[in-house]
Each structure stands twice: as structure tokens, then as C-alpha cells.
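Reader: I would like to go through this model with you. Please keep the answers short.

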Amino acid sequence: MSQKQTVIIFGATGKTGTSVVNGLIDSHKFNVVAAVRPASKEKPEVEQLKSRGVEIRHIDIETVDDSTVDALRGVDVVISTAYYTTIPAQKQLADAAKKAGVKRFIPNDWATPCIRGIRKFYDDKGAIQDYIREIGLGYTFIDVGLWHQAIFPPPDKSQEQYPGQFERSRIIYGDGHVKSAFTDLRDIGTFVARIVDDPRTLNQYVFVWGEEATKRQILDITEKARNIKIVPTVVSPADAEKQLASARAAGGISQILFEYEYSWWVRGDNIIENAKKPEYGGALDARELYPDIKPRTMIDYARSFYSNSS
Ligand SMILES: NC(=O)c1ccc[n+]([C@@H]2O[C@H](COP(=O)([O-])OP(=O)(O)OC[C@H]3O[C@@H](n4cnc5c(N)ncnc54)[C@H](OP(=O)(O)O)[C@@H]3O)[C@@H](O)[C@H]2O)c1
């Protein structure tokens with residue numbers, strides 16, 4: 001019998017990391033290890049991971065050194081789902097992984113297909129992908145579209161799961177008929193468990209998705225699930241261009257968030273057909289690789305998300 005692969009997750013207590021850990025544990029195919037930064041070792045979420053049989057190793061992506069190489073020895077797969085500010089530090093982590101003999105590195109992407117020069121955050125993540133290829137480290141790059149959890153309008157601001165979601169989810173750019181691809185956050189772990197166990201995905205870009213929808217369709221699902229009327233703010237393409245210029249001038253998180261909106265709803269980058277194009281990275285389609293996985297639907301997500309709201 002072949003030995004179980006050891007998979008270490010950076011960001012195991014976060015939103016994406018929790019789904020990935022669940023998928024890996026539920027598959028019963030891996031030794032699951034969580035890289036926890038020393039400052040967080042006493043957190044209850046870390047105790048919970050331990051109680052589920054997850055081994056804890058203390059590593060901070062921001063302070064990688066020779067001890068990190070030792071901590072990564074015996075690891076087959078490194079996955080990062082850590083906080084977005086740790087993207088640049090993955091270069092040092094990739095170096096350490098290479099030295100430790102890691103076979104596959106899945107960097108912190110988990111986002112939407114694009115081409116270079118449109119979204120600075122995509123370019124920053126792309127620079128890490130370039131570096132991983134350059135040093136000859138095995139990899140899989142994974143994009144997922146938008147999470148259901150990030151896109152539906154929360155009934156009030158206190159229920160938003162991502163910053164600014166309450167306001168952004170009620171805006172329509174242009175005619176609102178541009179499609180985008182979506183995945184339920186709870187499904188990503190199921191896909192990841194299959195992807196890391198699959199030689200076909202080594203050194204490939206994989207696109208995971210559940211379905212596609214336009215902004216008007218999402219608002220329509222919301223209205224039906226809540227039995228209310230939503231009056232969206234409509235922004236013309238010309239005004240979207242102006243907002244893009246201001247967000248770029250502001251930089252930081254404003255730029256990241258608005259460049260996303262512009263890419264999804266004005267340019268229409270986030271669709272399955274694009275992800276597979278060579279200029280978008282030539283993704284393998286996770287639904288074609290694993291046709292037996294039945295992802296959760298947007299309608300089911302909306303019904304359950306709004307079940308307690310009026
Ligand atoms: N597709 C989408 O719709 C969508 C939406 C949002 C985000 N994303 C992407 O998903 C990825 C993960 O985001 P998320 O929202 O899941 O993150 P998150 O919930 O904010 O989780 C962050 C995790 O990173 C850990 N962490 C932070 N700094 C660290 C460090 N220096 N070393 C090790 N671990 C560290 C945190 O642990 P402690 O704080 O406990 O130490 C926590 O477990 C990002 O690439 C983001 O761009 C995608």
C-alpha cells in the first residue's frame with residue numbers, strides 16, 4: 001500500500017483554510033498538518049484542529065529561515081490559504097519548500113481568472129507563480145471564481161462575510177448581464193483533496209467552479225429567497241472607468257477591491273471559457289477532471305443564508 005501524502009496548510013484556521021482542512025480530513029487520504037504562526041498557537045481554533053488529529057507546526061510565512069526548511073521536511077504538499085498580505089512572502093516559503101524536498105506547492109491564489117496588467121493583486125500572485133516555475137518547484141495553481149459567501153447581499157452590514165460586501169453586492173455595473181463563475185467556499189476542500197492526489201494536475205493550472213451567473217441573476221435569486229425587492233445602484237461603464245482610475249490612484253485595498261469588480265462585471269474575465277484560454281493560463285477544468293463531485297448551487301446557498309432573515 002502506498003504511503004499517505006503529508007500536506008501542510010498555511011492559513012488552516014481561516015475561511016478558505018477551514019474548507020481545505022475539512023476536505024483533506026474527510027478524504028482520509030492524507031496526513032494533515034497546519035502551519036500556525038507562533039503568535040496564534042494558543043487560539044481555540046488551533047486547539048480544535050489538534051482535537052481533529054491535525055498536527056501543528058509553528059511557522060510564520062513572514063519570517064521564513066533555515067528552521068522553516070527543517071519544519072517542512074517530510075512534507076509532500078504545501079498549500080497556502082493565509083491572509084492576503086502574506087502573498088509576497090511566499091517567495092521565501094517556496095525557496096524553503098524546494099530545499100526541504102516538497103513535491104507540490106499550491107500558492108495562495110483561490111481567486112478569479114484574469115490576464116496580466118488588469119489587477120495588481122492578480123499580478124502580485126502571478127509573480128509568485130512565475131517564481132515557483134523559475135526555481136523548478138512542482139506546483140498546482142488553483143482559481144475558484146467568486147465564493148457564494150462573498151457575493152450575496154447580506155441583509156445588514158453586521159452579516160457581511162467580507163469587507164464592503166453589503167454595499168458592493170447591491171451595485172450593478174453597466175447592464176448587469178455579464179456572467180461570472182462561482183464556487184461555494186465549503187466545496188473547495190473536496191476539490192483540493194482530489195487535486196492534490198491527482199498526477200494529472202501536477203504543474204498545471206486548475207479552475208474549480210460550481211456555476212456561472214450575472215449580477216442581475218444573483219439579485220433575482222436574493223429577491224426570491226427573501227421575498228423582497230432590491231433596488232440596486234446602477235453604475236454606467238463610463239463611471240466605472242472613473243471609479244477605477246480613483247481606486248488605482250488610492251492604491252492598497254481600494255485598488256484590489258475595485259479592480260476585482262471591474263474585471264468581473266465590466267470586462268467579464270471571470271468565466272470558465274476564459275480560464276481555459278492560453279492567455280488566461282490554460283486551466284484544466286476541475287468539473288471535467290472530477291465529474292462525480294456535485295457542487296452546491298447558488299440557490300441552495302441563498303435559501304440557507306437567508307433562512308433566518310425577513
Ligand atoms: N474567491 C473569492 O471569492 C475570495 C474571497 C476572499 C478571499 N479570497 C482569497 O482567499 C485566500 C485566503 O483568504 P481567506 O479569506 O480564506 O483568509 P482568512 O480567512 O483571512 O484567513 C487567514 C489565515 O491566514 C493565517 N495567517 C495570517 N498571517 C499568517 C502568517 N504570517 N503565517 C501563517 N499564517 C498566517 C491566519 O491565521 P491566524 O491569524 O490565526 O494566525 C488565518 O488562518 C486569499 O488568497 C484571498 O485573496 C478569495
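Reader: Which residues does Phe 166 touch, not counting residues up to four places away in sequence?
Author: The model is predicted. Phe 166 sits in helix α7, residues 165-168. Leaving out residues up to four places away in sequence, its contacts are Pro 153, Pro 154, Lys 157 and Glu 160.

Reader: Is Phe 166 buried, partly exposed or exposed?
Author: Count the other C-beta atoms within 10 Å: Phe 166 has 16. Buried needs 20 or more, and exposed means 12 or fewer. Phe 166 falls in between, so the class is partly exposed.

Reader: How far apart in space are Phe 166 and Ile 151, C-alpha to C-alpha?
Author: In sequence, 15 residues separate Phe 166 and Ile 151. In space, their C-alpha to C-alpha distance is 9.1 Å.

Reader: Now the ligand. Which element gives the most to the shell around the ligand?
Author: The shell has 28 residues, and Gly 11, Gly 14, Thr 16, Ser 40 and Ala 82 come nearest. Two elements give two or more residues: β7 (146-147) and α1 (15-27). With three residues, the top contributor is α1.

Reader: How many residues of the shell around the ligand are nonpolar?
Author: Split the shell by class. Five residues are charged and nine are polar. The nonpolar count is 14.

Reader: How many residues does the largest nonpolar core have?
Author: Nonpolar side chains tend to be buried together in soluble globular proteins. Here, the residues with the most contacts inside the largest core are Val 7, Ile 9, Val 78, Ala 97, Phe 105 and Val 208. Ala 97, for one, contacts residues including Val 78 and Phe 105. The size of this core is 70 residues.

Methods
Residues numbered from 1 in each chain as written. Predicted model: local features only at pLDDT ≥ 70, side-chain atom pairs only at ≥ 80, totals over all residues. Helix = DSSP H or I, 4+ residues; strand = E, 2+ residues; numbered from the N terminus. Contact = placed C-beta atoms within 7 Å. Near = placed C-beta within 6 Å. Nonpolar A, V, L, I, M, F, W, Y, C, P; charged D, E, K, R; others polar. Core = buried A, V, L, I, M, F, W, Y, C linked by C-beta atoms within 7 Å.
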